Amino acid sequence: MNLDEIRNRIFTAIENEEKRQHEGVNLIASENLSSDDVRRAAGSMLAHKYAEGYPGKRWYGGCQYVDECEEIAVDLAKKVFGAQYANVQPHAGAIANLIVYTALLSPGDTIMSLLLNQGGHLSHGSPANISGKLYNFVHYPVKESDCTIDYDEMERLALEHKPKILLGGASSYPREFDWKRMRQIADKIGAILMADVAHTAGLIAAGVHKPVFPDVHVMTTTTHKTLRGPRGALICAQEEFEKKFQSGNFPGIQGGPFMHMIAAKALALRETLTDEFREYQREVLASSAAMAKWFIDRGKRVVTGGTDCHFFLLDVYASYGVNGDQAEKRLMEDNIAVNKNGVAYDPMPISKTSGLRIGTPFMCSRGWKTADFLSLAEQIDKTLTTLGESDPSPSPESFKKRK
């Protein structure tokens with residue numbers, strides 16, 4: 001492969017991906033389409049600037065302009081989420097979580113989070129992740145009857161294990177968390193209540209989900225999902241944690257921040273304060289709920305019986321007799337991108353899964369409305385019905401009957 005060929009292949013791949021995003025159907029709940037302003041900042045000359053430290057306290061000269069960008073981003077993050085403190089430097093959600101853990105805990109301390117195979121996230125204590133290697137994670141479950149969080153059981157487990165952090169948030173749990181109830185539990189054991197709202201930050205920013213402050217002590221989020229910003233993350237907290245998180249981020253976990261991404265975060269946060277963004281998030285919620293109801297009305301199993309957020313979990317194993325891996329691959333043949341996903345009490349292995357996670361943010365950013373998603377639901381149903389008839393997985397009748 002010569003040097004010209006390398007360049008051509010890379011730019012061809014970029015062009016093909018741009019075409020796929022604009023012409024295909026993207027239902028991946030963790031992806032979105034950011035604005036021209038956000039992309040312009042993310043690809044700007046700020047990418048060249050090294051700026052270890054914080055505004056006014058950098059280890060390098062020439063930071064006056066990037067300082068301005070970071071100060072604006074911090075002020076906006078505090079305004080949008082109602083926080084007393086914000087750090088806009090974390091490169092990713094998992095890193096933001098690690099910054100919080102290391103700033104507040106010692107290795108071996110206990111954290112309580114949602115079970116990973118019932119909707120939790122890798123950075124919430126997976127044994128394969130550094131979080132699970134450094135800290136003692138215990139987990140609260142969802143109820144087998146309806147797959148919603150059992151807050152009574154959460155309280156019982158919290159009183160038994162006395163975690164130092166009680167962690168709410170998930171990657172595939174389609175219901176709002178009860179932050180007030182969780183704060184009551186945290187207060188009973190003297191724990192810090194942490195909210196990882198990576199998936200729902202945009203809904204919170206638009207006011208279509210309840211705010212997390214003042215109930216929680218600390219909030220982390222990515223900026224590229226419903227928030228519709230660049231790849232990156234934020235930490236917001238009550239002011240008492242400022243010193244710990246400032247040093248926990250730098251020099252604790254990260255070195256130089258990505259100043260181009262911080263500028264892009266500021267522009268994305270600005271957009272959350274517009275009427276257009278609030279209307280967009282209302283459409284995201286309405287379309288997700290309507291699409292979930294479409295499947296429920298036709299006797300298909302949607303986990304938890306619906307959704308409060310931007311995605312829902314369709315149990316294709318119980319509904320069509322196929323596994324999530326088969327369904328994902330078949331829909332991709334029609335240029336419909338989804339992701340296979342485990343469901344609570346899943347009888348299928350994680351490499352196959354019983355479910356699909358179906359999200360609406362990306363296509364709503366492309367201008368889709370509820371009617372478009374309902375037409376798509378009909379197409380998906382026909383495709384998966386045909387797939388199940390031609391190549392079914394052995395689906396136990398007892399599991400098929402669960403709703």
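**Cysteines**

Begin by selecting the cysteines: with a disulfide taken as a pair of cysteine sulfur atoms within 2.5 Å, the count comes to zero disulfides. Cys 63 takes part in none, and the nearest cysteine sulfur, that of Cys 69, is 11 Å away. A disulfide is a covalent bond between the sulfur atoms of two cysteines. Select Cys 309 next; its sulfur is 13 Å from the closest cysteine sulfur, in Cys 364, which is too far for a bond.

Cys 63 is buried, at a relative accessible area of 5%, and Cys 309 is also buried, at 3%. Here buried means under 20% relative accessible area, exposed means over 50%, and partly exposed lies in between, using a 1.4 Å probe and protein chains only.

The model is predicted, so local features need pLDDT of at least 70 and side-chain atom pairs count only at pLDDT 80 or more, while totals for chains, interfaces and linings use all residues. Residues are numbered from 1 along each chain as its sequence is written, and side-chain values use heavy atoms, with hydrogens and water left out.

**The largest pocket**

Now select Ser 30, Glu 31, His 224, Lys 225 and Arg 231, which lie nearest the centre of the largest pocket among its 50 lining residues. A pocket is found on a 1 Å grid over the protein atoms alone, as an open set of points with protein on both sides within 12 Å along at least five of seven lines; a cavity is a set where a 1.4 Å probe fits but cannot get out, and lining residues have an atom within 4 Å of a point.

The largest pocket holds about 1100 Å³ of space. Its volume is the space filled by probe spheres set on the grid points, which are joined across faces, edges and corners.

To see which elements give two or more residues to this lining, colour helix H1 (3-23), helix H2 (36-42), helix H4 (93-104), strand S9 (218-222) and strand S13 (339-341). H1 gives the most, with six residues. Helices (H or I, at least four residues) and strands (E, at least two) are DSSP runs numbered from the N terminus.

By class, the lining of the largest pocket has 15 nonpolar, 24 polar and eleven charged residues. In this division Ala, Val, Leu, Ile, Met, Phe, Trp, Tyr, Cys and Pro count as nonpolar, Asp, Glu, Lys and Arg as charged, and the others, Gly among them, as polar.

**The second largest pocket**

Move to the second largest pocket, with about 170 Å³ of space. Residues to select in its lining include Tyr 54, Pro 55, Glu 70, Lys 78, Tyr 85 and Glu 242. Helix H3 (64-81), strand S4 (85-87) and helix H9 (242-253) each give two or more residues to this lining, and H3 gives the most, with four. Five lining residues are nonpolar, three polar and four charged.

**Two cavities**

The model has two cavities of 30 Å³ or more. For the largest cavity, of about 160 Å³, select Arg 175, Glu 176, Phe 177, Thr 200 and His 209, which lie nearest its centre among 17 lining residues. Its lining has nine nonpolar, four polar and four charged residues.

The second largest cavity has about 70 Å³ of space. Of its 13 lining residues, Gln 118, Ser 172, Val 303, Leu 313 and Ala 344 are the closest to its centre. This lining has eight nonpolar, five polar and no charged residues.

**Strands S11 and S5**

Leu 313 leads to strand S11 (residues 311-315), where five of the five residues are buried. Phe 311, Leu 313 and Asp 315 point one way from S11, and Phe 312 and Leu 314 the other way. In a regular strand the side chains alternate between the two faces of the sheet.

Show strand S14 (residues 355-359) beside S11: five bridges join them in the antiparallel sense. Leu 313 stands opposite Arg 357 in S14. Two strands pair if DSSP finds at least two bridges between them.

Then select strand S5 (residues 110-114); five of its five residues are buried, so S5 is largely enclosed by the rest of the structure. S5 runs parallel to strand S6 (residues 136-140), joined by five bridges, and Leu 114 has Tyr 140 as its bridge partner in S6. With strand S7 (residues 165-168), S5 pairs in the parallel sense over two bridges, and Ile 111 stands opposite Ile 165.

**Helix H15**

Finish at helix H15 (residues 370-390), whose end C-alpha atoms are 30 Å apart, in agreement with the 30 Å expected for 21 residues at 1.5 Å a residue. The expected span is 1.5 Å times one less than the number of residues. Buried residues to select in H15 include Phe 373, Leu 376, Ala 377, Ile 380 and Leu 384.
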